[in-house]
Protein chains: 2
Amino acid sequence: MDKSGSASPLYNIGVVTRVTGVPIATLHAWERRYGFPDAARSAGGHRLYSEKDIARLRWVKSQVDSGLTVSRAVIAARALEANGRLFLPNESEASQKSQSSRIAFPSLRESLLDALFHHNLPRADQLMGEMLAFYSPEDLTLEVIGPALNAIGEAWEQGHITIATEHLATNYLRHRLLMWMVTGLTPRSGDSIVLACAPGELHEGSLLMLGVLLRRKGWPVAYLGQNVPFHDLAKFIDDIHPSAVVLVAICEEPARALTDWPHWINQVGGHPIIGFGGRAFIVHPELQGMVPGVYLGTSISEGMTNLVSLLQRIEK
Amino acid sequence: MDKSGSASPLYNIGVVTRVTGVPIATLHAWERRYGFPDAARSAGGHRLYSEKDIARLRWVKSQVDSGLTVSRAVIAARALEANGRLFLPNESEASQKSQSSRIAFPSLRESLLDALFHHNLPRADQLMGEMLAFYSPEDLTLEVIGPALNAIGEAWEQGHITIATEHLATNYLRHRLLMWMVTGLTPRSGDSIVLACAPGELHEGSLLMLGVLLRRKGWPVAYLGQNVPFHDLAKFIDDIHPSAVVLVAICEEPARALTDWPHWINQVGGHPIIGFGGRAFIVHPELQGMVPGVYLGTSISEGMTNLVSLLQRIEK
DNA sequence: CATAAATTGTCAAGTTATTGTATAGATTTA
DNA sequence: TAAATCTATACAATAACTTGACAATTTATG
């Protein structure tokens, strides 16, 4: 595979247009006008982009798509980078095979899990870098991190890994998710969406993923995390008047506890949308009918679209 | 200094209309008539608004929407600002003063806590952005986030805030910490440092801060988080051969459990440094002598320097 | 109460800034 | 050799700027 031994990860401009959606002529112009992303050159003068360059481009393009000027987006990217506040993949040794085709999600997921289960964090970093060069955080959240978190849980339940390994892997993935949740400014002002686990529920992985997706779409999110008692939740809702509240239960007990929410929350002002979901309602579908409010569906992306369409209907 | 904070003029007028809902012509008129918000200009004369300008605009617009005239709202904003009651001074104003007149840590901490306790996340974001413009993540971790996490815990114990508010604030700060742990430079290669809470210990705040500090100094960290049983920890250590293991206990029970670690870990290979610390050993100093291994001290920065000097002695 | 004055949002015209894209001919890569 | 990429220049399409005007509304005044 690796013919010359010194394979630094460099992609030609054709790959980069396909992957980022930025036309070749525009890439030329950006480099001419802003010196961005200042790709390396081959012996014959052709541009060679690294994964870091691709990640930079993705970030700048996302800013431009949301209205920023190219020149300012480039300046912002440089400032954030100098500050260490913009996540960029490390330079890694990608083989030239990636030039022709994107790597498929399932194989990426497998490689990542393999690295984490063998406690090989540098390898995991490298894989994350490669993935970020080709896919958006949204895609990675849904297609790689979500399934990987599930697989980790299963591997532990079946005794394939110890709890220490489970902790390491779960924390690793959670850290990446959180990073994506925190970056960027909230473009929308207005009431937030409250995200909380059911009382007694300690699994917050899927709630976190929903948080990432909502944040990235520009919704203001108030993230409460695991095990939120109704009494306090009610007070909180009364305080900040959210547009929606999402309650998640993975285990059966917390899901049953959810049936009781109107007793606490119904009388608060503002009357937000109350939605719920989580694995408990897939394993025990009869619970769906027992909990008042809107059932958000069986997957995170489904929940996301349902929630967003409800919110948009209200806005009008 | 660094221009990436909220004071850096970054946003073109198109973004600002979309985000604030104030039409372009109105923005022009406000600047012409009231000199507000006096945005910076690009080389070509286009207006460039900072995040603070956007915040100013949002505030004024909210006042106008609730009946005030524009001119009065602008005057009010300026008055509040001069009092330091609405916005912090922006970078250009601040840098005109001497370096010594940076905003003091305690006041920043108070403002941040105030914003979080009032569920004002945009305000918290703004504060964090401004702090990052002046201080490094290391300083903020030790001087702002650490004390803030303690204060949050205390406020809850004394019934000043509900558990929902505690969750919101804790998660908010944890997310920032986690972000800093992931970003930044590549860790140097070599054996990692394992960070774990004692068995049964659920408070991971201080462990996380230690992780941030180590990681940002370039040490490779394997973060295991809360409640790690010795049995699994031993297997894990045997697997990855860390250079050091740090065990943290906040509560008394987990701290007592720590006395037992040699029974599990002594026979594993590599013989890493085993260090321990946490609030339990400050409240009950007699426990320090009962736990084998190196006591890392009474503060996070102390623990950090102790650990690093131990590791550097070994490296030679 | 009626009228004058001030305040405020919006529009139009003409100009400039910023950015995307097309073309042409030379060179590199596979 | 054919396809891909390079540089350089030109041009078109938005986006934004300034200035001046004007109508709707609010506020002050006789």
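At what angle do helix α8 of chain A and helix α9 of chain B pack? The legends below start with that pair.

This is a predicted model, in which local features need pLDDT of at least 70 and side-chain atom pairs count only at pLDDT 80 or more, while totals for chains, interfaces and linings use all residues. Residues are numbered from 1 along each chain as its sequence is written, chains are lettered from A and ligands numbered from 1 in the order in which they are written, and side-chain values use heavy atoms, with hydrogens and water left out.

**View 1. Helix α8 of chain A packs against helix α9 of chain B.** Helix α8(A) (residues 163-182) and helix α9(B) (residues 163-182) pack at an angle of about 110 degrees, and their axes are 8 Å apart. Helices here are DSSP runs of H or I with at least four residues, strands are runs of E with at least two, and both are numbered from the N terminus. Axes are lines fitted to C-alpha atoms, for helices over the stretch in contact, and angles run from 0 to 180 degrees between N-to-C directions. The two helices are therefore roughly perpendicular to each other, given that angles under 35 degrees count as roughly parallel, over 145 as roughly antiparallel, 65 to 115 as roughly perpendicular and the rest as oblique. The crossing of α8(A) and α9(B) is left-handed, a term used if the near helix is turned anticlockwise from the far one by less than a right angle, with right-handed used if clockwise. Contact means heavy atoms within 4.5 Å, and here A:H175, A:R176, A:L178, A:M179, A:M181 and A:V182 of α8(A) make it with B:H175, B:R176, B:L178, B:M179, B:M181 and B:V182 of α9(B). This contact has eight nonpolar, two polar and two charged residues, where Ala, Val, Leu, Ile, Met, Phe, Trp, Tyr, Cys and Pro count as nonpolar, Asp, Glu, Lys and Arg as charged, and the others, Gly among them, as polar.

**View 2. Helix α8 of chain A also packs against helix α11 of chain B.** The angle between α8(A) and α11(B) (residues 230-240) is about 70 degrees, with the axes 7 Å apart, and that makes the two helices roughly perpendicular. From α8(A), residues A:I163, A:A164, A:T165 and A:L168 meet B:D232, B:L233 and B:F236 of α11(B). Five nonpolar residues, one polar and one charged make up this contact.

**View 3. Two helices of chain A, α3 and α6, cross each other.** The axes of α3(A) (residues 51-65) and α6(A) (residues 121-134) come within 8 Å and cross at roughly 45 degrees, and the helices are therefore oblique to each other. Their crossing is left-handed. In α3(A), A:E51, A:I54 and A:R58 meet A:G129, A:E130, A:L132, A:A133 and A:F134 in α6(A), a set that divides into four nonpolar, one polar and three charged residues.

**View 4. Residues of both chains come near DNA strand D.** A residue is near a strand if one of its heavy atoms lies within 4 Å of it. Of the 20 residues around DNA strand D, those that come nearest are A:H28, A:R41, A:R47, B:H28 and B:R47, and sugar and phosphate account for 86% of the strand's atoms that come within 4 Å of the protein. A polar contact is a pair of N or O atoms within 3.5 Å; within protein, one must be able to donate a hydrogen and the other to accept it, and residues adjacent in sequence count only if both atoms are side-chain atoms. A polar side-chain atom of A:H28 lies 2.6 Å from a phosphate oxygen of DNA strand D, and an N or O atom in the side chain of B:H28 is 2.6 Å from a phosphate oxygen of the strand.

**View 5. DNA strand C is surrounded by 26 residues.** The closest of them are A:W30, A:Y34, A:S42, A:T69 and B:Y34. Sugar or phosphate supplies 70% of the atoms of DNA strand C within 4 Å of the protein, and the rest belong to bases. An N or O atom in the side chain of A:R33 is 2.9 Å from a base oxygen of DNA strand C, whereas the side chain of B:W30 has an N or O atom 2.9 Å from a phosphate oxygen.

**View 6. A cis peptide bond joins A:F36 and A:P37.** Omega is about 0 degrees at this bond, and A:P37 has its place in the loop between α2 and β1 (40-41) of chain A.
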